[in-house]
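Colleague: Please take a close look at one part of this model, the empty space within it, and then describe the surrounding architecture in connected prose. I should like each term explained where it is used.

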Amino acid sequence: MDGDFVIGGVFLIHNKEKTVTYNYTTKPESQMCIRSLNPRNLRFSRAMIFATEEINNSTELLPGIRLGYQIHDTCASVIVAANVAFQLLNGQDTVFYENRSCSQSGVVLAVVGDSTSTTSISLSRIIGSFNVPLVSYYATCACLSDKQQFPTFFRTIPSDQFQADALAKLVKHFGWTWIGAVRSDSDYGNFGMVSFLAAAQREGICVEYSEAFFRTDSQSKIQKVADVIRRSSAMVVLAFATSEDMSVLIDELNQEPTPPRQWIGSEGWINDPYLMSFSYFAGAIGVAIQKSVIPGLRDFLMDLSPAQVAASSVLTEFWEDAFNCTPTKNASPKKKECDGTEDIKLLKNPYTETSQLRATNMVYKAVYAIAHAIHNAVCQETNFTAQCDRNIKLESKQVLTELKKVNFTQNGYPVSFDANGDPVAFYELVNWQKSESGVIELVTVGYYDASLPTGQEFHISRNITWVEGGAQVPVSVCSKSCPPGTRKVLQKGKPICCYDCIPCPEGQVANRTDSPDCFPCPSELWPNAQRDACFPKPVEFLSYDEVLAIILAAFSVSGACLAIITAAIFFHHRTTPIVRANNSELSFLLLFSLTLCFLCSLTFIGAPSDWSCMLRHTAFGITFVLCISCVLGNTVVVLMAFKATLPGSNVMKWFGPPQQRMTVVLFTFIQVLICTVWLLLSPPFPMKNLSTYKEKIILECALGSAVGFWAVLGYIGLLAVFCFVLAVLARKLPDNFNEAKLITFSMLIFCAVWLTFIPAYVSSPGKFTVAVEIFAILASSFGLILCIFAPKCFIILFQPEKNSKKHLMTQK
């Protein structure tokens with residue numbers, strides 16, 4: 001249609017071009033389309049005519065100006081698209097379909113189109129060189145946003161970059177980490193899949209396979225893609241393809257039984273009514289262009305008179321395909337002539353499907369965007385009215401400049417372009433749901449709005465029906481999620497979504513699902529059995545609640561009572577010869593020290609504290625030195641008593657009771673001095689032992705100074721050895737009641753106990769270290785009291801006839 005200003009329209013009205021043979025001897029035929037009408041794209045082209053006529057009838061937009069248009073068919077061919085581009089630029093007549101041509105006037109100022117990214121790339125490269133803007137309604141390739149390559153390209157449909165992000169977030173939202181992917185082997189599919197794979201990688205999604213195909217591929221190639229889908233382990237398949245390509249693939253998948261798959265669709269095919277007739281795709285989910293309403297468009301599409309149809313080869317072909325008759329009088333033998341009863345309003349096909357206008361609205365907005373750009377270039381606003389100059393010499397470069405600035409709303413839908421020529425991305429999330437009648441319907445279940453803040457773009461508003469009508473979200477993972485307490489270990493040679501779940505090592509936890517690593521608990525905490533949380537370690541010490549501690553305490557008290565009873569027996573029989581003959585003063589002091597030795601073991605039981613730690617070691621050291629000093633004094637007395645019986649000996653005057661007391665005090669004072677220095681410089685203190693056991697805490701007394709501890713033990717050992725040596729020397733002396741032999745045997749037990757104590761003490765873990773020390777104290781104490789005092793008490797109590805001076809004097 002002619003007009004004051006002409007805009008171009010490029011549509012994929014036919015799906016195939018006529019094959020041309022190049023023999024290089026004759027001029028090749030012009031490129032033409034063959035009979036393969038696409039009713040949906042025919043609706044797009046008719047929508048452009050509707051929008052143009054609506055603008056021409058408007059009193060606000062371009063008043064007094066008449067827009068003309070040229071509409072061309074690319075036949076889904078790059079070669080034809082390039083031919084169309086030159087026709088739009090030079091104004092030549094176009095070969096439209098089977099040598100039928102449409103008239104045009106002059107070079108166009110802007111072009112609406114095309115349906116595919118591949119042909120749009122070709123068109124934009126050619127007409128862009130002449131500053132002619134191209135406003136696409138369906139070319140979504142992210143590559144077209146590159147303004148260095150395509151400075152004159154605009155579109156009313158969002159870029160595939162936004163679509164890829166939306167699809168990746170959709171997959172991630174439902175927990176699918178293992179999916180298959182197929183794509184159209186075109187710029188739309190290839191560039192779209194590249195964007196999706198990058199977005200999927202950011203979201204942690206793995207793709208088992210990515211297959212490309214095109215509707216013109218061989219049957220074996222299509223079959224190969226279908227077989228990959230059938231054999232795959234991925235339950236979910238994402239298809240970044242056009243509806244024309246998907247129809248070829250679905251035909252192949254229907255050839256033999258195929259495992260059910262959850263399909264995710266790009267906007268290129270997800271809202272195609274033809275594909276909805278296949279039950280195999282039931283439950284499919286994907287993103288689609290926003291549904292819209294264009295008042296008056298349906299009436300315009302339905303308003304086709306027989307004369308109007310007969311005048312257009314394209315409409316004639318559409319009519320013949322729809323009603324299987326020809327509106328022309330010279331009907332072919334294969335088709336009958338239409339009788340006039342055909343009613344297009346009753347026709348069910350993509351041309352008449354206007355319940356969900358999506359891409360059609362993109363065409364509508366593209367025409368209005370160009371009209372607004374022309375309006376801003378040729379019209380001036382005066383007194384709230386627009387004055388337009390129809391005679392102005394308008395160039396496409398001016399329209400290009402104004403297109404970058406357009407910002408308006410048409411039928412409630414905003415139209416504007418960013419610096420890349422892209423609109424604000426808004427998608428509806430759609431789901432193929434079976435109605436009660438069994439027909440698959442396209443249901444909007446949510447939306448994706450790229451203008452919202454990060455993390456808030458995606459929203460689901462209603463229930464979704466999944467594959468095979470299921471209500472539960474299907475599972476599609478390479479490996480099941482690793483529960484808390486385990487970590488992920490990647491399987492060799494496989495994607496990151498394929499992994500094994502390895503239990504956390506000892507002392508480490510993983511408190512979340514799919515943890516990549518395990519983390520050690522703090523030093524005072526330890527994992528539970530599931531290794532998914534840290535809990536305080538149990539604290540261990542020799543407590544009075546334990547059987548071992550009760551037994552040791554019982555022996556300790558029993559030993560102290562035994563010492564006290566022995567002292568009572570000796571005190572009651574203090575005037576008897578057996579008590580007086582064995583230095584009763586040292587005997588009572590020895591029994592007192594033994595009582596303290598038994599009782600000091602009680603300080604080792606219970607939770608360590610500052611005072612108990614200092615008391616247990618010092619009390620033990622001092623009382624045992626006091627005890628050994630008494631035994632040593634008694635041993636010396638036995639030796640010296642024998643020496644005193646020799647003629648001329650005067651040695652006993654040096655080992656009388658005062659000297660014995662001085663010896664005991666001196667030996668004990670040295671130990672007191674050692675303990676005092678130890679306590680002043682580095683005293684024992686309570687500590688939490690975290691190294692002996694990993695899983696529990698040992699409360700124990702640290703030595704403070706190991707030198708001080710071993711000095712105390714060494715001093716005791718030195719006195720014990722000295723005493724033992726003296727007792728051995730006196731063991732055969734003919735003293736009364738075998739005193740020297742008893743002391744020798746007691747010292748032998750004492751030394752044996754403490755010699756075995758040292759390795760046992762060093763090697764015993766935790767509370768058993770304390771138990772070993774208590775056992776050594778009790779064993780050595782019982783050894784002394786039983787070896788030295790038991791025989792005497794036996795005589796005093798059970799053989800009193802031997803406890804006499806006469807019997808004592810007869811002992812040899």
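Modeller: The account below begins with the empty space and then turns to sheets, salt bridges and the surface.

The model is a predicted one, in which local features need pLDDT of at least 70 and side-chain atom pairs count only at pLDDT 80 or more, whereas totals for chains, interfaces and linings use all residues. Residues are numbered from 1 along each chain as its sequence is written, and side-chain values use heavy atoms, with hydrogens and water left out.

Rolling a probe the size of a water molecule over the atoms shows where empty space is left. On a 1 Å grid over the protein atoms alone, a cavity is a set of points where a 1.4 Å probe fits but cannot get out; a pocket is an open set with protein on both sides within 12 Å along at least five of seven lines, and lining residues have an atom within 4 Å of a point. Grid points are joined across faces, edges and corners, and the volume is the space filled by probe spheres set on them.

The largest pocket has a volume of about 890 Å³. Its lining comprises 35 residues, and those nearest its centre are Arg40, Asp272, Pro273, Tyr274 and Pro350. At least two lining residues come from each of helix H1 (39-56), helix H7 (243-253) and helix H11 (359-378). Helices (H or I, at least four residues) and strands (E, at least two) are DSSP runs, numbered from the N terminus.

Two cavities of 30 Å³ or more are found in the whole structure. The second largest cavity holds about 40 Å³ of space. Its lining is made up of Phe541, Leu542, Phe604, Gly606, Pro608, Arg616, Leu699, Glu700, Cys701 and Val770. Strand E30 (residues 697-702) gives the most to this lining, with three residues.

E30 leads from the cavity to a sheet. Strands pair if DSSP finds at least two bridges between them. An open sheet of three strands runs in the order E28-E30-E29, with mixed pairing. Its edge strands, each pairing on one side only, are strand E28 (539-540) and strand E29 (685-689). E29 and E30 pair in the antiparallel sense over five bridges, and Lys688 stands opposite Leu699 in E30. Leu699 is also one of the residues lining the second largest cavity. In a regular strand the side chains alternate between the two faces of the sheet.

A second open sheet has five strands in the order E2-E1-E5-E6-E7, with parallel pairing. Strand E2 (67-73) and E7 are its edge strands, each pairing on one side only. Within this sheet, strand E5 (residues 111-112) and strand E6 (residues 134-136) pair in the parallel sense over two bridges, and the bridge partner of Val111 in E6 is Leu134.

The edge strand E7 also takes part in a salt bridge, a contact defined as a side-chain nitrogen of Lys or Arg within 4 Å of a carboxyl oxygen of Asp or Glu. The whole structure has 13 salt bridges. In one of them, the side chains of Asp422 and Arg155 meet at 2.7 Å, N to O. Asp422 lies in the loop between strand E18 (413-416) and strand E19 (426-434) and Arg155 in strand E7 (residues 153-155), so the pair ties together parts that are 267 residues apart in sequence. Buried means under 20% relative accessible area, exposed over 50%, and partly exposed in between, with a 1.4 Å probe and protein chains only. Asp422 is buried, at 4% relative accessible area, and Arg155 is buried at 0%.

Another salt bridge joins the side chains of Arg230 and Asp227 (2.7 Å, N to O). Both residues lie in helix H6 (residues 219-231), three residues apart, about one turn of the helix, and both are buried. Glu402 and Lys405 also form a salt bridge, with their closest N and O atoms 3.6 Å apart. Glu402 counts as buried at 17% relative accessibility, whereas Lys405 is exposed at 55%.

Strand E15 (residues 379-382) and strand E16 (residues 385-388) pair in the antiparallel sense over four bridges. E15 and E16 form a hairpin with two residues between them, and Asn383 in the turn has a positive phi of about 55 degrees.
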